[in-house]
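Student: Could you take me through one part of this protein up close? I'd like to look at the aromatic rings and how they pair up.

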Amino acid sequence: MQIVLPGALPDPIAAKALIPHVLETAPTFANWLRQGRAAVQAADPAAAGCTPLEQWLLKRNGFVKRDGQNLSAGLGPLWANNVTQRDQAVWLAELVHVSPSRDGAVLLPASELEISAEHNSALLESAQALFAGTGFTLHPDGASRWRIELPADFTPQCASPVLVSRTTVNEWWPQDISARPWRRLLNELQMLWYDHPVNNERYAAGRVPVNSLWLFGGASPDQLRQTPQPDSAIHGSLLEPGLAQDWGAWISALGELERSVFKPLAASLQPSLVLLGRARIVEIQPRPQGLLSRLLPRRNETWRTWWSPQN
């Protein structure tokens, strides 16, 4: 059994101050940290083009990137549906909302937009008509993303929509000459969808419009080289307060996990843990419980050195 906890690694400055609260609020969790063997790895979103959780998912699926790709390229084949050609690049276009802000354009990913199947179909029909003859071809692929074929000379290095939603569009917007046709096409699409019946309906219902697409992916399915074991449970309640550095809400969410997940599990097993921060991944395996392990000395507080490495 493996428990995956996005947002479970506070930034180092806050981490030391949170230790007594972790010990008091989640004693089962703290005991697992003490007893486990930790492997720490960097997970820089800027270099990878995707979040630490997405990086872990790609590692779990055995993704091997090729020259010129960043890790986020693997999200295309990872998330696409009904892929039949294992050696062909898979590009996805996610339905998103983009709006201006003081620090640059911001993006809301499809997961925050509640897009119905009917709205998806209507927007796809209008986009396909616009894209006809441009070298970009759209195909349906799930509730919030479409498959897209690109011209042969256009192979951008992209970022995941979730990562872009946590930064700004400007940091990831393609600026090179080869991307001009794509930028021009998106501008035309945004004008087409400005007064689209789908968005008029969304305005009337008090929802933000679906006004753009975000392109990502580019790897082929044969770059995913292993099938993950189906025993991982992802619990995301720590993520939002962690990103917002709302440590009161974070401790409250940790306490709820202690009551509903950690303590009930502790009666039967000690799971492995995957803790994710802004730019780190810590994987914790239970120590063996044999006679030799009981005889060897153990430093129960060594977890503090990776929990708060700057302190």
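Tutor: Sure! Keep in mind that this is a predicted model. Counting through it gives 12 aromatic pairs. Let's start with F136 and F154, whose rings sit edge-to-face, with 6.0 Å from centre to centre and 75° between the planes. This pair ties together distant parts of the chain, since its partners are 18 residues apart. You'll find F136 in the loop between α6 (117–131) and β5 (137–140), while F154 belongs to the loop between β6 (145–149) and α7 (161–166). Now, are these two rings buried or exposed? F136 has a relative accessible area of 4%, and because anything under 20% counts as buried, F136 is buried. The same cut-off works for F154: its relative accessible area is 3%, so F154 is buried too.

Next, hop over to W247 and W250. They make another edge-to-face pair, this one with 5.9 Å centre to centre and 80° between the planes. Here both partners lie in one helix, α11 (residues 247–266). They are 3 residues apart, which is about one turn of the helix. Both W247 and W250 are buried. Which residues join them in a cluster? W303, W306 and W307 do, and together with W247 and W250 they form one aromatic cluster.

So, to recap your close look: F136 and F154 link distant parts of the chain, whereas W247 and W250 share helix α11.

Conventions. Residues are numbered from 1 along each chain as its sequence is written. This is a predicted model: local features need pLDDT of at least 70, side-chain atom pairs count only at pLDDT 80 or more; totals for chains, interfaces and linings use all residues. Side-chain values use heavy atoms; hydrogens and water are left out. Rings of Phe, Tyr and Trp (its six-membered ring) pair if their centres lie within 6.5 Å; planes under 30 degrees apart count as stacked, over 60 as edge-to-face and the rest as tilted. Helices (H or I, at least four residues) and strands (E, at least two) are DSSP runs, numbered from the N terminus. Buried means under 20% relative accessible area, exposed over 50%, partly exposed in between (1.4 Å probe, protein chains only).
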